[in-house]
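The following report describes selected features of a protein chain. Please consult the sequence and the structure shown here while reading.

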Amino acid sequence: MEFRKAGWRTRLKRFALAADSWLDDGLWGAGRRAGEIHERIRSFADRLTVTGGKRIATEFASEGLNIGIVGALLLLMLALPAFRIGNEDALKNQVFAVTFLDRYGMPIGHRGARHDDSLKLEEMPDHLLKAVLATEDRRFYDHFGIDLIGTLRAVTVNARASGVVQGGSSLTQQLAKNLFLNNERSLDRKIKEAFLALWLETRLTKNEILKLYLDRAYMGGGTFGAAAAAEYYFGKSVKDVSLAEAAMLAGLFKAPTKYAPHVNLPAARARANDVLNAMVDAGFMTAGQVDSAKRNPATPVDRKRDSSPDYYLDWAFDAVKELANEGKLGADRVLTVKTPHDSAIQQRADEAIETILRQHGPAYRVKQAATVVMDPDGAVRAIVGGRDYGASQFNRATAGLRQPGSSFKPFVYAAALSAGLYKPNTIVTDRPVCIGNWCPNNYGRSYAGSMPLTVALAKSINTIPVQMSIAMGRATGETHEARAAAIGRKKIVETAHAMGLTTPLTDTVSLPIGAGEVTVIDMAAGYSVLANGGRRAKPYAAIEIANSQGEVIYRHDRDEPEPKQVLSPQVAQDMNFMLSKVPTEGTARRAALDGVVTAGKTGTTNGYKDAWYVGYSGNLVGAVWFGNDNSAETANMTGGSLPAMTWKEIMQFAHQGLELKPIPGVPTADPKGAAIAKAGSAATPASAASGPGAGHMPRQSFEVLSAVSSLFKSVEPRRIASRPVQVGIREISGGEPRLR
């Protein structure tokens with residue numbers, strides 16, 4: 001037995017020694033072979049070794065390759081957003097061809113284009129093409145979408161002039177902006193523009209790019225494309241324009257509103273003369289060939305009385321496309337849309353904003369404004385999306401997101417009243433209140449003590465909405481103050497969205513005093529709920545729509561659901577009663593109308609960056625915003641100043657001749673005021689009732705009365721413009737300031 005055990009151990013020891021020997025031999029052999037391979041590689045590498053100048057070149061090439069790879073990855077990262085925007089559908093003519101009519105059936109404009117509406121590039125005059133290329137992109141046929149030489153030249157010229165004198169964008173880049181982007185001045189947009197220009201160059205020929213540019217560029221007067229502009233300004237086909245007329249058309253691409261001949265003929269002719277000189281400088285024509293055009297400048301058709309509600313049409317066109325996407329319009333895309341648009345109110349709104357900005361804008365350091373006027377059921381009568389459509393097609397009324405300040409407070413009050421916690425005569429106390437480290441303050445950091453809820457809203461007390469948010473949370477049983485406020489803010493957001501605000505409202509402690517972001521049209525829609533007694537009022541642009549055969553395929557009153565009751569009639573009446581005190585006893589006295597009972601609310605944001613007035617009568621609702629595109633601070637502008645003044649200018653005219661309707665829950669005007677309104681209605685001739693502006697007195701008569709009236713009103717605006725600093729300094733934490 002012992003012998004067997006010893007034999008087993010001996011065999012195991014020998015096996016282990018053999019395995020160890022095999023492993024050692026294998027590792028040694030592998031190492032030897034690896035060494036031989038390394039020697040071969042080193043020997044081969046030695047033959048590639050360079051010294052002196054060759055080594056420097058090799059190092060640069062190697063580093064260049066590394067940098068190139070990193071750069072390519074970076075470019076790909078920057079290009080992806082642009083390539084996501086680019087799509088083949090945008091290169092085709094728009095499918096829709098929509099003719100818009102106002103509320104009285106009169107044409108107001110057109111959007112979209114049929115495939116066969118435009119001329120071929122070969123049919124356009126040679127001198128027009130040369131004029132465009134001479135001014136917009138002389139090297140168009142030589143570059144690959146980005147003109148590096150032209151960009152370098154523009155940078156040099158601008159540096160010498162210490163300002164922007166010459167643009168560096170190629171014609172392809174401008175087309176990319178027109179097709180896919182907006183006029184925002186940012187590095188991100190320029191990067192996307194450059195990559196989209198390269199994308200266009202790979203998919204289209206040079207002539208196709210030039211043709212698209214000539215068809216899609218805005219040319220002023222509500223026209224898009226050279227063909228439409230030639231018809232509008234000269235009453236002829238673009239095929240027949242003279243050299244002088246072609247130069248004037250080419251001059252519009254730079255600044256269509258500034259150089260529009262129906263707006264400023266001397267500026268248009270001066271610009272046309274610059275175009276003719278550019279054609280000579282580019283070598284496209286000789287001085288003798290352009291001499292006749294200089295001596296006989298183009299004379300446009302008289303269009304001074306024409307106007308186009310372009311911001312309204314853009315919004316209405318999008319609304320029609322949305323209806324089509326919902327399957328409500330069938331397959332036909334040649335449509336005629338009757339809108340609620342009121343040409344008289346639109347013109348008055350345009351004039352009011354431009355006049356106020358021209359007279360008082362410099363003193364208040366404010367450059368932009370927007371407004372929406374609608375019926376209480378959501379029928380939009382007028383939209384002003386900015387001061388100058390030619391300079392910027394961005395619609396500040398429907399797409400611009402701005403903080404509403406205290407004009408948001410009615411949504412807070414409506415939520416609190418709906419919860420059954422307050423009534424208009426409830427006594428509330430203006431006192432210090434904090435949520436965490438945030439403590440809202442009133443003007444002057446003082447507190448007014450106890451007062452009725454109606455007075456608190458009229459005077460725009462900041463602490464009350466915050467107390468309301470806490471009270472609504474505590475009504476659910478939550479005792480912790482911060483958590484209670486959060487629950488209350490959730491109810492406020494729900495109420496605001498139910499009333500018509502469509503933008504996301506970020507839940508912050510300052511939300512109750514207007515720290516969210518809203519649009520002008522949404523604010524008008526939200527206040528319409530109050531004006532109509534509590535029903536949701538979705539803004540709409542189509543009363544009825546007919547197809548190419550003249551058949552009515554859509555009617556708003558037939559094809560849209562009944563408006564939803566989002567506030568109880570009693571809450572709406574209580575809100576109206578309180579808001580009716582704002583124009584008479586509160587922060588919006590400049591908005592009070594003569595002989596018409598109104599209600600509304602002012603709003604001003606931190607740093608005086610945004611100023612609002614949203615108001616309504618039983619007939620119309622209007623929202624007005626003033627501010628700057630870059631969110632620059634104004635010179636102490638409040639909602640009770642320029643916005644309230646502008647609202648009054650528009651609404652005083654809009655109510656001329658209307659049969660006044662009461663605001664639910666608000667006593668009607670005194671008999672004297674009612675008589676004035678009826679007299680205005682009776683004075684309207686029958687002829688005016690069938691055309692644009694029906695329901696208002698004739699424009700000439702109103703202008704005479706306005707001129708007389710302005711003699712009595714002229715003192716106040718001048719005082720405001722000359723003393724903007726006396727408005728006072730608003731509290732740091734937000735809310736509505738009050739005038740000193």
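## A covered helix and its surroundings

Helix 22 is mostly covered, with 12 of its 13 residues buried. The model is a predicted one. The buried set of helix 22 consists of Leu642, Pro643, Ala644, Met645, Thr646, Trp647, Lys648, Ile650, Met651, Gln652, Phe653 and Ala654. The length of the helix can be checked against expectation: at 1.5 Å a residue, the 13 residues of helix 22 (residues 642–654) should span 18 Å, and the end C-alpha atoms are 18 Å apart, so the two values agree.

One residue of helix 22 leads to another part of the chain. The C-alpha atom of glutamine 652 is separated by 8.5 Å from that of valine 596, although the two residues are 56 residues apart along the chain. Valine 596 belongs to the loop between helix 21 (582–585) and strand 10. Is valine 596 buried or exposed? Its relative accessible area is 12%, which is under the 20% limit, so valine 596 counts as buried. Leaving aside residues up to four places away in sequence, valine 596 touches Ser617, His655 and Leu660.

The loop that holds valine 596 leads into strand 10. How many of the 6 residues of strand 10 are buried? For strand 10 (residues 599–604) the count is 6 of the 6, and the strand is therefore largely enclosed by the rest of the structure. Ala599, Lys601 and Gly603 point one way from strand 10, while Gly600, Thr602 and Thr604 point the other way; all are buried.

Strand 10 is part of an open sheet of 5 strands, in the order 5-4-12-11-10 and with antiparallel pairing. Strand 5 (380–384) and strand 10 are the edge strands, each pairing on one side only. On average, neighbouring strands of this sheet are turned by 5° against each other, direction ignored. In general terms, the strands of a sheet pair through backbone hydrogen bonds, either parallel or antiparallel.

Within this sheet, strand 10 and strand 11 (residues 610–616) run antiparallel and are joined by 6 bridges. Two opposite positions are listed below.

| Residue in strand 10 | Opposite residue in strand 11 |
|---|---|
| Alanine 599 | Tyrosine 616 |
| Glycine 600 | Glycine 615 |

The hairpin of strand 10 and strand 11 has 5 residues between the strands, and glycine 607 in this hairpin takes a positive phi near 70°. Helix 20 (residues 569–579) lies across strand 10 and strand 11 and runs at about 65° to strand 10.

A separate pair of helices may be considered next. Two packed helices are described by the angle between their axes and the distance between the axes. For helix 8 (residues 226–234) and helix 9 (residues 243–250), the axes come within 11 Å and cross at roughly 115°. This crossing of helix 8 and helix 9 is right-handed. The contact involves Ala229, Ala230, Tyr233 and Phe234 of helix 8, together with Glu245, Met248 and Leu249 of helix 9. By class, the contact of helix 8 with helix 9 comprises 6 nonpolar, no polar and 1 charged residues.

For the chain as a whole, there are 25 helices and 12 strands. Of the 740 residues in the chain, 48% are buried. Among contacts between residues at least 6 apart in sequence, 71% join residues at least 24 apart.

Conventions
Residues numbered from 1 in each chain as written. Predicted model: local features only at pLDDT ≥ 70, side-chain atom pairs only at ≥ 80, totals over all residues. Heavy atoms only, no water. Buried < 20%, exposed > 50% of the residue type's maximum accessible area, 1.4 Å probe, protein only. Helix = DSSP H or I, 4+ residues; strand = E, 2+ residues; numbered from the N terminus. Pairing = 2+ DSSP bridges. Axes fitted to C-alpha atoms, helices over the stretch in contact; angles between N-to-C directions. Contact = heavy atoms within 4.5 Å. Expected span 1.5 Å × (residues − 1). Left-handed = near helix turned anticlockwise from the far one by under 90°. Nonpolar A, V, L, I, M, F, W, Y, C, P; charged D, E, K, R; others polar.
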